[in-house]
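Student: Could we go through the charged contacts and some of the strand pairing here?
Tutor: Certainly; let us look at the structure together.

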Amino acid sequence: METPENEVFRDSIGTIDEDGKRKWVFPKKPSGPLYEKRKLVSYFLLAFLLAAPFIKINGNQFLLFNILERRFNIFGFPFWPQDFYLFVVSMLIGVIFITLFTVGFGRVFCGWICPQTIFLEMVFRRIEYWIDGDRNKQMRLARQKWDAEKIKKRLLKWFIFLVISFLIANVFLAYLIGGDKLLKYITEGPFEHTSTLIPLLIFTAVFYFVFAWFREQVCIIACPYGRLQGVLLDNKSIVVAYDYKRGEAESGRKKFRKNEDREALGHGDCIDCSQCVNVCPTGIDIRNGTQLECVNCTACIDECDHIMESINLPKGLIRFASEDEIEKKEPFKMTARMKGYMAVLTILIGILAGMLLLRSDVEARILRLPGQLYEHKDNDIISNVYTFKLVNKTSREIDDLTFKLRGWDGDIHIVSTSETFIVEPQGIAEGTLFIELKQSDLSGDKNDIMIDLYSKDELIETTSVTFMGPRSFN
């Protein structure tokens, strides 16, 4: 049975032609209430993204992911390698939250929050609309010979894209090495820091490739999140959906004709104008159902509402809706799966909050010196030698640090000129210390000892060690 010419059903990817080659997407410039709201969200997130590496809370960079030096700041909280468990719990919370959001509302994250979409749609495409014009002008320019006009527009666009890609690479670098260090490198000159300049140029080339050429292929081919959508969505998920019941009716969609009684002829409200396809940034036809390529950007909703308004039909032919709402007129309600994800998310957030409250500003680690047992001293004193390592997780100097035994009558001697010392902001202090106890106080050859770390008169950390003594024979 042959498919009618006006019924082209989805049997291929919208960005690949019949020969299997890349079909360039020329989306129409979107407009409408949802697009205006998306612009506000996008510009807010862009401002946050650009400012976050240079915002400080209590002296800590707001967001920092310094992999080489193993230093991380999340919302102003510094995380060290010793805090990796906190980082893992935070990532699990992020994954569960996105999963829950996807189960309930589809791929809205991709269309409204994802940096890839925001940069492409709100920065690079808007520059393209300004230089090349809207959809029809872009298509005409693409077919045009390489004359003076085309060369001028292409060079201008490519140059601006390259400059923006370079700026994005600098911001990305600030997240990795720190905003202060980036500003220092800029003032000192890039050629003074070639080891940083080379990765910066590589990042620039990658961003330019993604936003100037690869574009929507990131969402369609490279991003794993789109593939997860097929597993996470169900008939109750709210997504950008075409109301096929209303749009197709009994006789299917049909081009609009003035003064024609479409209802009497059995035709649906869809007038087959294809504007929802033309405005789609990934080149799909939303009328073919939910697709992995749909990023829920809502451009098709605005465009369809505008068309419906112009022909005096109700808006909402394409809208946020679930399959059950369209098919069975069932309103949205929480499913057991969503409640399960919410329970897990609540538990993880509670665990993380508890861990952060119990997390100390200074981490102390005291270990026995390898290969050493114990030493007999005068007056029946047993001495053990240890190495200590203190990590200051704050951005302030911690001074007048002293070690004290808890519940034992003994002494701690630090191998230095003073029994007190300081730890620099976000610094590490290392050294050696001796613990001396009376043999008569020991119970056997191994004794667990608690050691308190004080800053002036304030207890800031407690750790435990094993104290070795002579084995008793009864």
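Tutor: What follows takes up salt bridges and then strand pairing in this predicted model.

Student: How many salt bridges does a search of the whole structure find?
Tutor: The search finds 28 salt bridges.

Student: Which residue does Lys-56 form a salt bridge with?
Tutor: Its partner is Asp-180, and the closest N and O atoms of the two are 2.2 Å apart. Lys-56 lies in strand β1 (residues 56–57) and Asp-180 in helix α7 (residues 179–188), so this contact ties together parts that are 124 residues apart in sequence.

Student: Are those two buried or exposed?
Tutor: Neither term applies: Lys-56 is partly exposed at 46% relative accessibility, and Asp-180 is partly exposed at 48%. Buried would require a value under 20%, and exposed one over 50%.

Student: And what about Asp-272, which residue does it form a salt bridge with?
Tutor: Asp-272 forms a salt bridge with Arg-287, with 2.8 Å between the closest N and O atoms. Asp-272 sits in the loop between α12 (262–265) and α13 (275–278), while Arg-287 sits in the loop between α13 and α14 (299–310); the two are 15 residues apart.

Student: Is Asp-272 buried or exposed, and what of Arg-287?
Tutor: Asp-272 is buried, with a relative accessible area of 11%. Arg-287 is likewise buried, at 11% relative accessibility.

Student: What distance goes with the salt bridge of Glu-325 and Arg-319?
Tutor: The side chains of Glu-325 and Arg-319 meet at 3.8 Å, N to O. The cut-off is 4 Å, so a pair at that distance counts as a salt bridge. Glu-325 is partly exposed, with a relative accessible area of 24%.

Student: Which residues are linked in a network of salt bridges?
Tutor: The network links Asp-83, Arg-359, Glu-363, Arg-365 and Lys-393.

Student: Changing topic to the strands: in which sense do β11 and β13 pair, parallel or antiparallel?
Tutor: Strand β11 (residues 398–406) pairs with strand β13 (residues 421–423) in the antiparallel sense, over 2 bridges. Within this pairing, Ile-398 stands opposite Val-423 in β13.

Student: How many bridges join β11 to β15?
Tutor: There are 6 bridges between β11 and strand β15 (residues 446–455), and the two strands run antiparallel.

Student: Which residue in β15 does Thr-402 stand opposite?
Tutor: Thr-402 stands opposite Tyr-454 in β15. Strand β11 is thus joined to β13 by 2 bridges and to β15 by 6.

Note on methods:
Residues numbered from 1 in each chain as written. Predicted model: local features only at pLDDT ≥ 70, side-chain atom pairs only at ≥ 80, totals over all residues. Heavy atoms only, no water. Helix = DSSP H or I, 4+ residues; strand = E, 2+ residues; numbered from the N terminus. Buried < 20%, exposed > 50% of the residue type's maximum accessible area, 1.4 Å probe, protein only. Pairing = 2+ DSSP bridges.
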